[in-house]
Amino acid sequence: MRILVVMDPVERVNIDKDTTFGFMLAAQARGHELFYCQIEHLSARGGEGWAHVAPITVQAEHHDFYRLGPWVDARLGDFDSIWMRKDPPVDRAYLHATHLLDLAGDALVVNNPTGVRYANEKIYALQFPEFCPETRVTRDIAGIRRWLAEKGEPLIVKPVDGHGGAGIFMLRPDDRNVASILETLTEDGARWVMVQQYIPEAREGDKRIIMIDGKPCGAILRTPREDDNRGNIHVGGRVSHVELTPREQAICAAVGPRLVRDGLWFVGLDVIGGYLTEINVTSPTGIREVAKLTGFDPGVAYVEWVEGAVAARKAEAVAGA
Ligand SMILES: Nc1ncnc2c1ncn2[C@@H]1O[C@H](COP(=O)(O)OP(=O)(O)O)[C@@H](O)[C@H]1O
Ligand SMILES: [Mg+2]
């Protein structure tokens, strides 16, 4: 296959931890031809999506981990598959990049741009309320303060478009910082925040479950540092191997078919104490840690799934012609 990877600058990749780099290693090992670009290289000519791309080869060597060939203009529809792996935030430029990826013709774009636009990583989880902790999404500062006083126990507040642990605060009923935290996060009531019951099991860790084509394909536990509330690897969470509990298997079984229906084929579920807290659809991570801890590489499973999906598309096109 000819595969285009749309990502953040390749020279900044951490080759031991980066999931996109893991996908590229797996795809190359399976004989596929890789191309690289960033979202700024996407464009349209009439109804056709185009990109300025460079062929790329990768290797797991710190001193020399990628080589680019000559940059050329390419039609998006001439790739078999395009992997949108730009990291959040989902800002205006990100959304416009997904609009250009809508013009990719027959190329299989993962995740589906429509699905990525549809599913806010935090609010989408609320479509499965039976698995969520008690949650409100609101801009109403006074309302949040009343709820905190009524409950008399800590709440977690987070921006609805945050990622990597940024902007996550614990609100305590007796803390005089509460009003200021809420004014800052909501920008004085102009932005929605997610307020959530604090789940004490977060001290043990936040489970990341990798979902490929709606099925669980490995999981890791991210345990916060003693001096932090957040388990994100990015802010120092410690990673260990875990199995799925029956409740987590039930979450996967409930969410999986919806993910497939929404074109969200590579997804990371976050589960704390058996509660679903986030459905990461933009550029989920975690496969390298799973591979290291278990010997099973979800990157290979992902590439195999893409191979099958691209072949199925081609067979359909032939049958339809
Ligand atoms: N309801 C909660 N209770 C306890 N801790 C939480 C809760 N929600 C988030 N956290 C902590 O914050 C971290 C990041 O939360 P998450 O909702 O996954 O946002 P992000 O997009 O920043 O990863 C989690 O790993 C967890 O440690
Ligand atoms: Mg998370």
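**Note on the predicted model**

1. Leu155 stands opposite Leu171 in β11. On the β12 side, the residue opposite Leu155 is Gln197. The strand concerned is β10, which is joined to strand β11 (residues 169–171) by three bridges, the two strands running antiparallel. The pairing of β10 with strand β12 (residues 193–197) is antiparallel too, and it extends over five bridges. Is β10 mostly covered or mostly open? Four of its five residues are buried, so the strand is mostly covered by the neighbour count, in which a residue is buried when 20 or more other C-beta atoms lie within 10 Å of its own. In a regular strand the side chains alternate between the two faces of the sheet.

2. Everything in this note refers to a predicted model. Local features are reported where pLDDT is at least 70, and side-chain atom pairs are counted at pLDDT 80 or more.

3. On overall make-up, the protein chain has eight helices and 17 strands. Its C-alpha trace spans about 60 × 45 × 45 Å along the principal axes. The radius of gyration is 21 Å, which agrees with the value near 20 Å that a compact globule of 321 residues would have. Buried residues make up 40% of the 321 residues. Among contacts with a separation of 6 or more, 67% are between residues 24 or more positions apart.

4. The chain is divided into domain 1 (2–111 + 304–320), domain 2 (134–198) and domain 3 (201–281). Domain 1 is thus written as two segments, 2–111 and 304–320. Taken over C-alpha atoms, the centres of domain 1 and domain 3 are separated by 25 Å.

5. Where does ligand 1 lie with respect to the domains? Domain 2 and domain 3 both give residues to the shell around ligand 1, so the ligand lies between them. The shell has 23 residues, of which Gln196, Ile199, Ala202, Asp206 and Gly231 come nearest. Elements that give two or more residues to this shell are β10 (155–159), β16 (266–272) and β17 (275–280). The strand β10 of point 1 is therefore one of the contributors to the ligand shell, under the 6 Å C-beta cut-off used for nearness. By class, the shell holds nine nonpolar, nine polar and five charged residues.

6. Helix α7 (residues 287–294) has Ile287, Arg288, Glu289 and Val290 buried. What covers these residues? The cover includes two helices, α1 (19–29) and α8 (298–320), together with the strands β13 (206–212), β14 (215–223) and β15 (238–241). Just after the helix comes Gly295, with a positive phi of about 85 degrees.

7. Two cis peptide bonds deserve a look in the viewer. One joins Pro88 and Pro89, with omega at about 15 degrees. Pro89 lies in the loop between β7 (81–84) and α2 (92–101). Another joins Val110 and Asn111, and there omega is about -15 degrees. Asn111 is in the loop between β8 (108–110) and α3 (113–118). The second bond involves no proline on either side, its partners being Val110 and Asn111.

8. Glu187 and Asp188 belong together in any check of the backbone. Glu187 has a positive phi of about 50 degrees although it is not a glycine. Asp188, also a residue other than glycine, has a positive phi near 60 degrees. The loop between α5 (178–185) and β12 holds Glu187, and the place of Asp188 is likewise in the loop between α5 and β12. Are these residues buried or exposed? Glu187 is exposed, with 11 other C-beta atoms within 10 Å. Asp188 counts as exposed because 11 C-beta neighbours lie inside 10 Å, and 12 or fewer meets the cut-off.

9. Gln28 is found in helix α1, one of the elements that cover the buried residues of α7. Gln28 itself is partly exposed, with 17 other C-beta atoms within 10 Å. Leaving aside neighbours within four places in sequence, Gln28 is in contact with Leu34, Thr57 and Val58. From Gln28 to Ile56 the C-alpha to C-alpha distance is 9.7 Å, across 28 residues in sequence.

Key
Residues are numbered from 1 along each chain as its sequence is written. Chains are lettered from A and ligands numbered from 1 in the order in which they are written. Ala, Val, Leu, Ile, Met, Phe, Trp, Tyr, Cys and Pro count as nonpolar, Asp, Glu, Lys and Arg as charged, and the others, Gly among them, as polar. Domain bounds come from an automatic or database domain assignment. The radius of gyration is taken over C-alpha atoms; the globule rule is 2.2 Å times the number of residues to the power 0.38. Two residues are in contact if their C-beta atoms, placed from the backbone, lie within 7 Å. Two strands pair if DSSP finds at least two bridges between them.
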